[in-house]
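Student: Could you take me through the aromatic side chains of this model, with some geometry to go with them? I would enjoy a close look at how the rings sit.

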Amino acid sequence: MKTKITKALIIDDPWVSRIINGEKDWEMRSFSTRIRGPIGLIRKGSLQVVGIADFHHVSGPYDNEQLIANTHHHTIPSVMFDEPGYKWRFAWEFKDAQPLDVPVTYQHKNGAVTWVELNTEATEMIAQQLSGIGNQKSEIQVEQKLAEKVADIESAMPAESPTDAEPMALIMSEGLTLVPVAKDGSRFSPDICNNNGVYTVGDKGDEQKFRNFQEALDYLKSMPVAKWRRPNVKGNYGIVTAVEWVEL
């Protein structure tokens with residue numbers, strides 16, 4: 001795949017992971033598109049291009065029987081498309097999907113919900129990895145990004161209780177691996193759900209507030225269905241419900 005990649009598709013987990021791992025080659029959408037060719041694959045909510053693929057065909061729309069017959073392509077359980085109102089019936093077909101050795105951070109433009117036009121730096125970093133050079137530089141940049149996130153979290157900690165909140169580096173070092181993910185792809189994570197050092201979790205009307213990420217996560221694990229508050233695109237903190245648990 002020598003063509004420079006300038007466009008990337010935003011995909012929820014677990015679907016994007018399954019695509020780059022070779023477990024599925026159809027991404028189901030509610031509409032068709034004329035876009036074709038090499039594209040980047042963005043893990044929704046991460047602001048990172050995590051893989052690449054050749055987008056070569058669109059087929060459909062498929063009825064339920066056809067979706068069942070092609071489960072090996074899309075890996076969506078029938079309980080999902082049996083629900084009334086299910087609309088993701090067009091298959092965006094990929095081939096030659098693969099993960100990037102190092103995820104590439106890009107500049108997300110307001111209003112981008114499906115496709116992203118990648119900024120020049122992100123395009124060049126992807127090209128470097130595909131050509132087998134520049135990996136060391138990319139790894140350094142990723143480490144810098146992680147350090148910046150940790151610094152942002154630490155700066156949000158109240159001065160009078162500096163040990164109450166935990167930066168991502170500390171959390172990861174303690175082996176916290178599973179966090180809930182909402183239907184929109186947003187995760188319960190310290191860099192997203194930290195509202196001035198406070199994590200708000202629980203059912204509406206019975207919400208609990210924690211300054212310690214681990215305590216908040218433990219509370220979510222104790223709930224029948226995890227619910228928490230996270231900021232939307234306007235910065236307002238709304239409640240979301242977990243549909244799965246993934247690695248942090």
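Tutor: Happy to; here is a walk through the aromatic rings and what surrounds them. Keep in mind that this is a predicted model. A pair of aromatic rings is described by the distance of the centres and the angle of the planes. The structure contains 13 aromatic pairs.

Let's begin with F188 and W228. Their ring centres are 6.1 Å apart and their planes meet at 70 degrees, so this pair counts as edge-to-face; the cut-off for that label is an angle over 60 degrees. The two partners come from distant parts of the chain, 40 residues apart: F188 belongs to the loop between β7 (178-182) and β8 (199-201), while W228 is in strand β10 (residues 227-231). How accessible are they? F188 has a relative accessible area of 0% and is buried, and W228 is likewise buried at 0%.

Next comes the pair of F210 and Y219, with centres 5.8 Å apart and planes at 45 degrees, so this one is tilted. F210 counts as buried at 18% relative accessibility, because the limit for buried is under 20%. Y219, at 24%, is partly exposed.

That brings us to helix α8, which spans residues 213-222 and has F213, Q214, A216, L217 and L220 as its buried residues. Viewed down the axis of α8, these buried residues fall within an arc of 160 degrees, so they line one face of the helix. At the N-terminal end of α8, N212 acts as the cap, with a side-chain oxygen 2.9 Å from the backbone nitrogen of Q214.

Now for a group of rings elsewhere in the sequence: F31, F55, W92, F94 and W115 make up one aromatic cluster. Two arginines come into play here. The charged end of R29 sits over the ring of W92, 5.4 Å from the ring centre, and R36 lies over the face of F55, 5.5 Å from the centre of that ring.

R29 also leads us to a further tryptophan, W88. Leaving aside residues up to four places away in sequence, W88 touches M28, R29 and S30. W88 is located in the loop between α4 (78-81) and β5 (90-105), and at 32% relative accessibility W88 is partly exposed. Finally, W88 and Y62 are 26 residues apart in sequence, with 8.8 Å between their C-alpha atoms.

Terms used. Residues are numbered from 1 along each chain as its sequence is written. This is a predicted model: local features need pLDDT of at least 70, side-chain atom pairs count only at pLDDT 80 or more; totals for chains, interfaces and linings use all residues. Side-chain values use heavy atoms; hydrogens and water are left out. Buried means under 20% relative accessible area, exposed over 50%, partly exposed in between (1.4 Å probe, protein chains only). Helices (H or I, at least four residues) and strands (E, at least two) are DSSP runs, numbered from the N terminus. The arc is that of the directions from the helix axis to the C-beta atoms. A polar contact is a pair of N or O atoms within 3.5 Å; within protein, one must be able to donate a hydrogen and the other to accept it, and residues adjacent in sequence count only if both atoms are side-chain atoms. Rings of Phe, Tyr and Trp (its six-membered ring) pair if their centres lie within 6.5 Å; planes under 30 degrees apart count as stacked, over 60 as edge-to-face and the rest as tilted. A charge sits over a ring if NZ of Lys or CZ of Arg is within 6 Å of the ring centre and within 35 degrees of the ring normal. Contact means heavy atoms within 4.5 Å.
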